[in-house]
Amino acid sequence: MTITADDRRAVTAHPIAGVLADRWSPRSFDSTAELTDQQLTTLLEAARWAPSAANFQPRRFIAARRGTAEFHAIVGMLAEGNQPWAVRASALVIGIAVTADSDGKPYRWAEYDLGQSLAHLSVQAHTEGLHVHQIGGFDPIAVAQHFELDDSLVPVSVTAIGSIADVSELDERYQAREVAGRERASLDDLVLVFA
Ligand SMILES: Cc1cc2nc3c(=O)[nH]c(=O)nc-3n(C[C@H](O)[C@H](O)[C@H](O)COP(=O)(O)O)c2cc1C
């Protein structure tokens with residue numbers, strides 16, 4: 001069974017932009033689908049144009065496509081539960097926060113600004129017919145060592161990007177989650193003040 005956008009579309013309490021309702025995080029990536037240079041560059045360009053405090057742009061990316069040594073290394077640094085499905089993605093992008101400026105002064109909005117850029121990337125991906133699944137379960141210390149990152153460069157997330165495959169191709173232990181309903185807390189729970 002291939003999952004369609006209709007199956008996964010958010011049931012929103014109020015109308016929102018289609019791309020935001022349709023975006024979801026699959027695990028059933030097509031392990032034969034490849035990303036072209038242009039596709040991957042377009043996604044990174046979307047991330048580049050995200051806003052950031054004082055336009056400091058405290059984000060860096062390591063982008064690796066399936067079949068490369070870098071991709072293989074990143075898969076090995078994911079939490080055990082993320083490896084079986086993330087290995088099927090067309091590309092993995094490590095999101096890195098620049099946590100201090102060149103004088104060593106801590107940069108307070110680094111993770112916020114990085115996250116915003118990856119939100120842009122994910123929306124761009126869905127606009128291009130691709131899917132994204134962000135991952136926090138990985139070993140940031142291993143990543144920093146492997147890619148020889150300075151202390152101010154902190155790996156925060158890994159973003160799996162690819163195309164959807166039939167759910168039956170996914171490791172059985174993930175199949176139920178792949179078709180489960182999508183839920184969110186209510187706006188009443190989220191909005192503390194609405195004046
Ligand atoms: C920062 C971050 C870290 C995440 N880490 C993981 C992870 O380690 N493993 C995983 O399977 N999903 C992970 N997710 C995906 C979330 O579980 C998913 O976005 C959430 O359940 C909502 O589902 P949806 O994106 O399909 O609406 C992560 C998402 C984000 C934004």
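Here is a quick tour of the packing, the aromatic contacts and the charged pairs in this structure. Keep in mind that this is a predicted model. The largest nonpolar core has 26 residues, and a separate core holds 16. Beyond the cores there are 2 aromatic pairs and 6 salt bridges.

**The nonpolar cores**

- Start with the 26-residue core, the largest one here, where the residues with the most contacts inside it are Ile-74, Trp-85, Leu-92, Ile-94, Ile-135, Val-158 and Ala-160.
- Two or more residues of this core come from each of β1 (59-65), α4 (69-76), α5 (83-86), β2 (91-98), α7 (140-146) and β4 (153-162).
- Another core lies apart from it and has 16 residues, including Leu-40, Val-93, Ala-110 and Leu-121.
- As background, nonpolar side chains in soluble globular proteins tend to be buried together.

**Leu-92 and helix α4**

- Leaving aside residues up to four places away in sequence, Leu-92 touches Ile-62, Ala-63 and Ala-64, and also Phe-71, Ile-74 and Val-75.
- The rest of the contact list for Leu-92 is Ala-86, Val-158, Thr-159 and Ala-160.
- Over in α4, the buried residues are Phe-71, Ala-73, Ile-74 and Val-75.
- What do the buried residues of α4 pack against? Their partners are β1, α5, β2, α7 and β4.

**An exposed residue in α7**

- Helix α7 is where you'll find Ile-141.
- Is Ile-141 buried or exposed? Ile-141 has a relative accessible area of 59%, so it counts as exposed, the cut-off for that being over 50%.
- If you want a distance to check, the C-alpha atoms of Ile-141 and Gly-104 are 20 Å apart, with the two positions 37 residues apart along the chain.

**The aromatic cluster**

- Phe-56, Tyr-107 and Trp-109 make up one aromatic cluster, and the number of aromatic pairs comes to 2.
- In general, a pair of aromatic rings is described by the distance of the centres and the angle of the planes.
- Phe-56 and Tyr-107 form a tilted pair, with 4.1 Å centre to centre and 40 degrees between the planes.
- Phe-56 sits in the loop between α3 (37-48) and β1, while Tyr-107 is in the loop between β2 and α6 (110-127), so this pair ties together parts that are 51 residues apart in sequence.
- Tyr-107 also pairs with Trp-109, this time edge-to-face, at 5.9 Å centre to centre and 75 degrees between the planes.
- On accessibility, Tyr-107 is buried at 13%, whereas Phe-56 is partly exposed at 33% and Trp-109 is partly exposed at 37%.

**Arginines over tryptophan rings**

- Arg-8 lies over the face of Trp-24, at 4.4 Å from the ring centre.
- Arg-27 has its charged end over the ring of Trp-85, 5.6 Å from the centre.
- That links back to the packing above, as Trp-85 is among the residues with the most contacts inside the largest nonpolar core.

**Salt bridges**

- The structure has 6 salt bridges. The general idea is that side chains of opposite charge can pair when their charged atoms come close.
- Arg-48 and Glu-45 meet through their side chains at 2.9 Å, N to O.
- How many residues apart are Arg-48 and Glu-45 in helix α3? They are 3 residues apart, so about one helical turn separates them.
- Both ends of that bridge are partly exposed, with Arg-48 at 47% and Glu-45 at 32%.
- Glu-169 and Arg-88 form a salt bridge at 3.2 Å, N to O.
- Glu-169 is in the loop between β4 and α8 (172-179) and Arg-88 is in the loop between α5 and β2, so the bridge ties together parts 81 residues apart in sequence.
- Glu-169 is partly exposed at 43% relative accessibility, but Arg-88 is buried at 13%.
- Asp-171 bridges to Arg-173, with the closest N and O atoms 3.3 Å apart.
- Shared partners join Glu-80, Asp-171 and Arg-173 into one salt-bridge network.
- Within that network, Asp-171 is partly exposed at 32%, and Arg-173 is partly exposed at 47%.

Notes: Residues numbered from 1 in each chain as written. Predicted model: local features only at pLDDT ≥ 70, side-chain atom pairs only at ≥ 80, totals over all residues. Heavy atoms only, no water. Core = buried A, V, L, I, M, F, W, Y, C linked by side-chain atoms within 4.5 Å. Buried < 20%, exposed > 50% of the residue type's maximum accessible area, 1.4 Å probe, protein only. Helix = DSSP H or I, 4+ residues; strand = E, 2+ residues; numbered from the N terminus. Contact = heavy atoms within 4.5 Å. Phe/Tyr/Trp six-rings, centres within 6.5 Å; stacked < 30°, edge-to-face > 60°. Lys NZ or Arg CZ within 6 Å of the ring centre and 35° of its normal. Salt bridge = Lys/Arg side-chain N within 4 Å of Asp/Glu carboxyl O.
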